[in-house]
Amino acid sequence: MVDVMHTRTQLEKYFDIWGEVAVDAEGIVHVQGEVIAGRPLPEHMPVQFGQVTGDFKMASPIQNNLTSLVGCPHTVMGSFRCVAPKIKTLVGAPKTVGKKCVIASDSLTSLEHLPEYGDTLLLRYTPHLPLLRLVEHPRVIWSYSPQYGGMEKGMAATHILRQYTGKGRGGALLACAAKLILNGYRENAKW
């Protein structure tokens, strides 16, 4: 049985919500409006979100404890922003983001489960992030990484990736991987 009071207590403890909140029979939280994690979250999302019609933000404060995106909404009709340095995978990330999708983590090691997004994708470049999936994502921008330096490396890699955008996966991926390796992106030249 779902403890709705516990869910609402967790919402009040960690999130600022502008809009209407509904907790369904399975304990999934749906929000007609915007959700902001206004305080540091624990390692795992304290509630399970479903659909959020506005923005869903976990960026300020930086979520230094969060290690998993499981519990994030499956659909965010606005923008999704997550600044969480310990996130390693996108398991649990929204399936659909209507506008901008921001995922900034120095620990991200896979782009599998990358959300479909409507506007722009903003990632944090790291030397261990596999980049070949981004051939299918022409609107990628990069954020500064305190650990790995400026955005220049990500922008230079994106320039290489864009040369192969829209050319199919087959030989284009092999050619793109070869060009990434040739330009010093050996660890990034992975799917």
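This is a short tour of the structure above, one selection at a time.

**Before you click**

The model is a predicted one, where local features need pLDDT of at least 70, side-chain atom pairs count only at pLDDT 80 or more, and totals for chains, interfaces and linings use all residues. Residues are numbered from 1 along each chain as its sequence is written, and side-chain values use heavy atoms, with hydrogens and water left out.

**Stop 1: the whole chain**

Show the chain as a cartoon. You should find three helices and eleven strands (helices are DSSP runs of H or I with at least four residues, strands are runs of E with at least two, and both are numbered from the N terminus). Follow the sequence and the order reads α-β-β-β-β-β-β-β-β-β-β-β-α-α. The chain is as compact as a globular protein of its length, because its radius of gyration is 18 Å, close to the 16 Å that the globule rule gives for 191 residues. That radius is taken over C-alpha atoms, and the rule is 2.2 Å times the number of residues to the power 0.38. Along the principal axes, the C-alpha atoms fill a box of roughly 55 × 30 × 25 Å.

Now switch on the surface. About 9,300 Å² is exposed, and carbon and sulfur atoms supply 55% of it (Shrake-Rupley areas with a 1.4 Å probe; for residues, only the protein chains shown count as cover). Of the 191 residues, 47% are buried. Here buried means under 20% relative accessible area, exposed means over 50%, and partly exposed is in between (1.4 Å probe, protein chains only).

**Stop 2: helix α1**

Select residues 4-14, which form α1. Which residues of this helix are buried? They are Thr-7, Gln-10, Leu-11 and Tyr-14. These cover an arc of only 100 degrees around the axis, so they sit on the same side of α1; the arc is that of the directions from the helix axis to the C-beta atoms. Rotate to the face turned away from the buried side and you'll meet the exposed residues Met-5 and Glu-12. To see what covers the buried residues, add β1 (15-23), β2 (28-37) and β3 (48-52), which are included in that cover.

**Stop 3: a cis bond and a buried cysteine**

Zoom in on Ser-60 and Pro-61. A cis peptide bond joins them, with omega about 15 degrees. Pro-61 belongs to the loop between β4 (56-58) and β5 (75-76).

Next pick Cys-82 in strand β6 (residues 80-83). Is Cys-82 buried or exposed? Its relative accessibility is 1%, so Cys-82 counts as buried. Leaving aside neighbours within four places in sequence, Cys-82 is in contact (heavy atoms within 4.5 Å) with Met-58, Leu-69, Val-102, Ile-103 and Ala-104. Try a distance label too: Cys-82 and Gln-63 are 19 residues apart in sequence, and 7.9 Å apart in space from C-alpha to C-alpha.

**Stop 4: an unusual backbone angle**

Jump to His-113, in the loop between β8 (101-104) and β9 (116-117). His-113 is not a glycine, yet it has a positive phi of about 75 degrees. At 44% relative accessibility, His-113 counts as partly exposed.

**Stop 5: the loop between β10 and β11**

Two residues to select here are Thr-126 and Leu-134. Thr-126 is buried, with a relative accessible area of 0%. Not counting residues up to four places away in sequence, Thr-126 touches Ser-105, Asp-106, Leu-108, Tyr-148 and Asn-188.

Leu-134 is buried as well, at 1% relative accessible area. Beyond its neighbours within four places in sequence, the contacts of Leu-134 are Leu-111, Leu-114, Leu-121, Leu-123, Val-140, Trp-142 and Leu-161. Leu-134 and Arg-162 are 28 residues apart in sequence and 8.7 Å apart in space, C-alpha to C-alpha.

**Stop 6: helix α2**

Finish with residues 152-162, helix α2. The buried residues here are Gly-154, Ala-157, Thr-158, Ile-160 and Leu-161. Look down the axis of α2: these fall within an arc of 155 degrees, so they line one face of the helix. On the face turned away from the buried side are the exposed residues Glu-152 and His-159. Add β11 (140-143) and α3 (170-182), which are included in what covers the buried residues of α2.
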